[in-house]
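Me: I have a model open and want to go through it by question and answer. Start with how far the coordinates can be trusted.

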Amino acid sequence: MIKDLRGYIDYLSKSGMLGTLDSSANPELEISAITDRENREHRCESRSLLFSKAEGYDIPVVTNLMGSMSVLKRLFSGFGVADFLSSVYYAKGMSMVNGARTLMDSRPKVARRGFAGYRKIRSLDELPILKTWPKDAGRYITLPLVITRSPKDGTTNVGVYRMQVFDGETTGMHWQVQKGGAVHASEAAELESQLNVSVAIGTDPFNILSAVAPLPHGINEFSFAGVARKAKTALLDCGDYPAVPANSEIIINGYVDPVEKRDEGPYGDHTGYYSIQEPTYVFHVKNIYAKKNPVYAASVVGFPWSEDCTAGLFLMEYLKPMLRLVNPNITDIYLPPEGAFTNMCFIKVKKRFPGDVKKAMFSILGMGQLSLTKTVVAFDDDIDLRDLGRVFWAISTRVDPDRDVQIIKGTATDTLDHASGSPARGSKMLIDATRKGRDDGYTREWPETLAPDKGLAKEIDRKWSQIS
Ligand SMILES: Cc1cc2nc3c(=O)[nH]c(=O)nc-3n(C[C@H](O)[C@H](O)[C@H](O)COP(=O)(O)O)c2cc1C
């Protein structure tokens with residue numbers, strides 16, 4: 001079993017999915033550029049990279065921990081939370097009671113109190129924090145597990161939100177308004193209190209993926225990790241601060257004052273643009289602890305392909321049963337990385353009654369993080385959503401713009417939508433690229449799609465191979 005980040009690095013090494021650079025590499029631009037090169041070359045089968053000598057530091061850096069789809073699939077194989085939900089839905093194999101027990105049994109447990117095995121670090125300046133792109137405003141902690149507790153009901157949230165280093169003891173806290181950390185910050189603002197925050201850097205892959213996963217609010221990410229790992233998440237009690245994974249390489253405790261904002265950015269984002277400077281929350285560091293000889297974990301994002309594309313595609317497949325639970329007629333979903341995930345969402349819809357396709361598209365706009373989607377396009381069963389050629393063919397041949405395109409104005413959008421006129425406010429587009437019939441007000445006869453004669457297939461194969 002993979003116990004911690006080092007265990008994961010060993011696992012990656014044995015799987016042939018670890019690249020190691022033993023000569024020195026600069027955390028300022030070099031480590032990120034090398035990681036970006038790996039991602040562009042190997043896309044969703046990129047290796048994790050271990051930089052054993054981060055120039056100017058005695059702490060090694062590992063990047064691309066989510067870079068390989070086959071590794072993620074292997075780690076998360078078998079029973080998961082999504083399987084639990086689908087098994088309830090399709091009533092195959094597992095009763096609701098047993099499934100619920102599985103989730104309860106996976107609740108994290110506080111394994112330890114106190115920081116035995118850790119040493120205290122004075123300043124963030126001692127960590128090999130990366131500067132990713134040349135025009136970034138500075139160094140950013142890019143793979144922090146940011147842990148908060150609801151000041152109202154005590155529930156825990158874990159998310160990965162970038163943290164720009166302002167100085168040795170202050171950073172930005174870039175949780176977007178819709179995310180769990182921001183929800184807790186606004187609860188703290190209502191109570192006129194500060195929000196204590198813990199940050200864990202470098203832990204096992206189950207904790208990391210769970211922090212990234214777009215889970216419904218209220219599902220504890222550490223429980224989710226426990227189901228996937230098939231062993232409870234062990235936590236370390238941090239007193240007044242939220243508990244962190246007991247296997248964290250680096251732990252930071254501090255607080256956010258919800259009324260304090262400071263300019264953050266520019267930052268080279270996964271949209272392929274520099275996100276512009278905007279006010280964001282400020283995180284004040286109180287304590288930093290590091291294991292003896294810690295490994296610093298970082299993520300590098302940019303133009304597709306980067307590891308968040310691989311993680312995003314993996315999580316989309318893994319969590320698909322949750323979508324089907326609410327929307328059984330959405331038989332497939334694909335968020336092309338080329339659309340920076342939130343800008344474009346393709347769904348396959350099985351029409352059951354008039355207006356069903358629209359209903360399915362609207363439901364995407366109302367569902368968790370999928371609601372950030374800018375454009376939703378619906379297709380029939382004959383279109384492979386991952387085949388962009390077929391996708392464009394269907395949009396081009398099955399859409400009458402007046403009838404099939406809807407613009408919805410004045411909605412909340414992703415803060416990463418750089419095209420909208422003001423931050424996080426903009427419009428949505430729904431495109432119905434399915435074949436039309438009488439229910440859609442289509443009075444003509446829909447033409448049949450071309451297909452070769454199936455009976456001739458073998459003969460054609462044989463003759464094809466004879467062509468010289
Ligand atoms: C490398 C990486 C960096 C991310 N940076 C941010 C960020 O700065 N702000 C943000 O709101 N989400 C960011 N995300 C996405 C969140 O981690 C993701 O939406 C997660 O589901 C949020 O959890 P929550 O719903 O508990 O808030 C990032 C994801 C990855 C993989």
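Me: Over which residues does pLDDT stay under 50?
Reply: This is a predicted model. Its chain averages a pLDDT of 93, and 94% of the residues score at least 70. One stretch has 8 contacts beyond four places in sequence in the model, yet its pLDDT stays under 50. Where pLDDT is low, the predicted coordinates should not be read in detail. The stretch is residues 87-93.

Me: Which element gives the most residues to the shell around the ligand?
Reply: The ligand is surrounded by 21 residues, and G159, V160, Q176, K179 and G180 are the closest. Two or more residues come from each of strand 8 (156-160), helix 6 (180-190) and helix 9 (307-326). The top contribution is 3 residues, and it comes from strand 8.

Me: How many residues of that shell are charged?
Reply: Split the shell around the ligand by residue class. Nonpolar residues number 9, and polar residues also number 9. The charged count is 3.

Me: Where does the largest nonpolar core lie relative to domain 1 and domain 2?
Reply: This core has 110 residues. Strand 17 (residues 278-291) supplies its largest share, 7 residues. Domain 1 (5-298) and domain 2 (327-440) both contribute residues, so the core lies between them.

Me: Which residues is A297 in contact with, leaving aside neighbours within four places in sequence?
Reply: A297 is among the residues with the most contacts inside the largest nonpolar core, as are L145, V146, I347 and A378. Set aside its neighbours within four places in sequence. The contacts of A297 are then L5, V62, L65, L143, I201, G202 and E249.

How values were computed:
Residues numbered from 1 in each chain as written. Predicted model: local features only at pLDDT ≥ 70, side-chain atom pairs only at ≥ 80, totals over all residues. Near = placed C-beta within 6 Å. Helix = DSSP H or I, 4+ residues; strand = E, 2+ residues; numbered from the N terminus. Nonpolar A, V, L, I, M, F, W, Y, C, P; charged D, E, K, R; others polar. Core = buried A, V, L, I, M, F, W, Y, C linked by C-beta atoms within 7 Å. Buried ≥ 20, exposed ≤ 12 C-beta atoms within 10 Å, placed from the backbone. Domains from an automatic or database assignment. Contact = placed C-beta atoms within 7 Å. pLDDT = per-residue confidence, 0-100.
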